[in-house]
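Biologist: Before we use any of the labels attached to this model, I would like to hear the reasoning behind each of them. Could you take me through them in turn?

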Amino acid sequence: MRPVYLDNNATTRADPEVVQAMLPFFRDNFGNPSSTHDLGAAADVAASRARLQLQTLIGAELDHEIIFTSGGTESDNAAILSALDVLHDRTDIVISAVEHPAVLTLCAHLEKTQAVTVHKIPVDRHGRLDLDAYRAALTPRVAIVSIMWANNETGTIFPLGKLAELAKEVGAFFHTDAVQAVGKTPMDLKSTAIDMLSLSGHKLHGPKGIGALYVRRDVPFSSLIKGGRQERDRRAGTENTPGIVGLGMAAELALKSMNDVATRVKSLRDRLENGIVQAIQNATVTGDPLARLPNTANIAFDPIEAEAIVHLLNREGIACSSGSACTCGSLKQSHVLSAMKVAHSAVRFSLSRDNGEADVDRVLEVMPAIVQKLRDCPSPGADRVSAEDVQRNLASAAAEQAAAHEP
Ligand code: PLP
C-alpha cells in the first residue's frame, strides 16, 4: 500500500534539492560564518545567498531584514518579547483567538507573570476576525499586535494589510505569524505596514529547526537570545549554516512552485472537499470560503470525533490530522474550532506540491466506509462518538474475533 501524506501543515518532506544543497555544509564547507579564514567566509557567503532567496520570496526591501532563527516558535517569541522591551511603557498585546500555541502560550505566560494585558480578538463561524472588536482593542497602550497570516487548522487568511495599518495608527508594532502562508501565497512585504513576520523552514519543504524573523529595517529590535554578535547582534549563537542553506533553497523552490500550489494543488484540494461533501452526509467544510489557503481542507463529520477518523485513515496508510489534540490520554477540543463554534472536531487534510490525483482518489475511496463504520458504532448512552469509545469498540470487536478463532 502506497502511503498517502496529507498532513503538510504539520510538516513537509524536505525537497531532495534542499537536502542536496545542505550536504556540503556538513562536510567540506563546515566553517563557522564568523571565522575570518576562507572556510568561514564560504559559510558566510552561503548564508548571505540564503538571505537573498528569502528576501525575494517574501518581497522584503533588504536582505538584512531577515534574521535566521530556530523556527516559527522562536520567531514568534522573539517578535513579541522584543516589542514589549522596546515599547516598555506600553502594557497591552492584541492577538486573535485562533493563534498558534507559539503565540497563545507565550501571551498567557506574560499575563500571568508580568503586568501585561492580552486582548484576544474573537472570530466568526468562518474564522474571520471580528473587526469591531479589533478596532476597540487598539489603544495607545498596545505594544504589539500579533495576528497570523493564515490559520494552520482551517487555512483562513486574515486581511493583514488593513489590520497592520490600523495598528500603526496607535503606534503599535504589527507582527504576523506567517508560518503557514509563506510559500503558499504571494507576498510583497515592502508594500505593507507589517513590521515583523515569522516563517519556518519545515513548512515549505525545507529542513526542521530553522526559520526566520523578518524585521523591517526601521523597526528597533531587542534580541531574545543574548550572547555573541551573530545576525547583526539580533540573534546570538553560531549560525545553523546547513539549515540556513536549506531554508534558502526551499524559499527559491517555493517561489517557483507558487503557481502550481495556486492552481493544481488547489484543484486537488477542491476535488477532495467536493468529493467528501457529496459522498458523506453532514460533512461540513470549515474556514473562510473566500479567503483560504489553497492547500488546506478542514472537514467536520459531527458527531464523530475527528481523532477516530484520523486513526482509521492511518490504518489505510493515509496521514492527516485532527483539530483535536490528544493530551494525557484525553481529547482536548481544538481552540480554533471552539472559537468558531462550528464543530466539535474536524479532520484536516493539508496538501502540497508532492501530492497527486491518486492521493485524493485513495481518500475518496476509503472515507465513506470509515465514516459509516464510526457512525454505526456509538457507545451505549453516549450522544457523541468519542475516540475512546471507538477504540474501545474496535478493541472489543478484535477480542471477539480472536475468541471466535480460538481452538
Ligand atoms: N505558527 C504556526 C501557524 C504553525 O503552524 C507552527 C507549526 O505548526 C508554528 C508557528 C511553529 O513553527 P515551528 O514548528 O517552526 O516552531
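Modeller: Let us begin with enclosed space: this is a predicted model, and a search of the whole structure finds 2 cavities of 30 Å³ or more.

Biologist: What makes the largest of them a cavity, and how much space lies in it?

Modeller: About 130 Å³ of space lies in the largest cavity, and it is called a cavity because a 1.4 Å probe fits at its points but cannot get out. Its lining comprises 15 residues, and those nearest its centre are Gly183, Lys184, Lys203, His205 and Val261. Sorted by class, that lining holds 5 nonpolar, 7 polar and 3 charged residues, with Gly183 counted as polar because glycine is placed in the polar class.

Biologist: Why is the other kind of space called a pocket, and how much of it lies in the second largest one?

Modeller: The second largest pocket contains about 220 Å³ of space, and the term applies because a pocket is an open set of points, with protein on both sides within 12 Å along at least five of seven lines. It is lined by 13 residues, among which Asp44, Ser48, Arg51, Glu231 and Arg232 are the closest to its centre. Two or more lining residues come from each of helix H2 (38–58) and helix H7 (230–233), and H2 gives the largest share, 4 residues. By class the lining has 2 nonpolar, 3 polar and 8 charged residues.

Biologist: What is the phi of Glu231, and what makes it worth a remark?

Modeller: Glu231, which lies in helix H7, has a phi near 50°, a positive value in a residue other than glycine. Most residues other than glycine have a negative phi, so a positive value departs from what most of them show.

Biologist: How do you know that the ligand makes polar contacts with side chains, and which residues take part?

Modeller: The cut-off for a pair of N or O atoms is 3.5 Å, so each distance can be set against it. An oxygen atom of the ligand is 2.6 Å from a side-chain N or O atom of Thr73, an oxygen of the ligand is likewise 2.6 Å from such an atom of Ser200, and for His100 the distance is 3.3 Å; these pairs therefore qualify as polar contacts. On its own the ligand has 390 Å² of accessible area, of which the protein covers 84%.

Biologist: What makes up the shell around the ligand?

Modeller: The shell has 13 residues, with Thr73, Asp177, Gln180, Ser200 and Lys203 the closest, and its largest share, 3 residues, comes from helix H3 (residues 72–86). By class there are 2 nonpolar, 8 polar and 3 charged residues.

Biologist: Why are S12 and S15 called paired strands?

Modeller: Two strands pair if there are at least two bridges between them, and S12 and strand S15 (residues 347–350) have 2 bridges in the antiparallel sense, so the condition is met. Ser322, for instance, has Val347 in S15 as its bridge partner. These strands belong to an open sheet of 4 strands in the order S9-S10-S15-S12, with antiparallel pairing, whose edge strands, S9 (284–285) and S12 (321–322), each pair on one side only.

Biologist: Is the peptide bond from Asp302 to Pro303 cis or trans, and where does Pro303 lie?

Modeller: The bond is cis, with omega near 5°, and Pro303 is found in the loop between strand S10 (296–300) and helix H9 (306–315). Most peptide bonds are trans.

Definitions and conventions
Residues are numbered from 1 along each chain as its sequence is written. This is a predicted model: local features need pLDDT of at least 70, side-chain atom pairs count only at pLDDT 80 or more; totals for chains, interfaces and linings use all residues. Side-chain values use heavy atoms; hydrogens and water are left out. A residue is near a molecule or strand if one of its heavy atoms lies within 4 Å of it. A polar contact is a pair of N or O atoms within 3.5 Å; within protein, one must be able to donate a hydrogen and the other to accept it, and residues adjacent in sequence count only if both atoms are side-chain atoms. Accessible areas come from the Shrake-Rupley method with a 1.4 Å probe; for residues, only the protein chains shown count as cover. On a 1 Å grid over the protein atoms alone, a cavity is a set of points where a 1.4 Å probe fits but cannot get out, and a pocket is an open set with protein on both sides within 12 Å along at least five of seven lines; lining residues have an atom within 4 Å of a point. Grid points are joined across faces, edges and corners, and a volume is the space filled by probe spheres set on the points.
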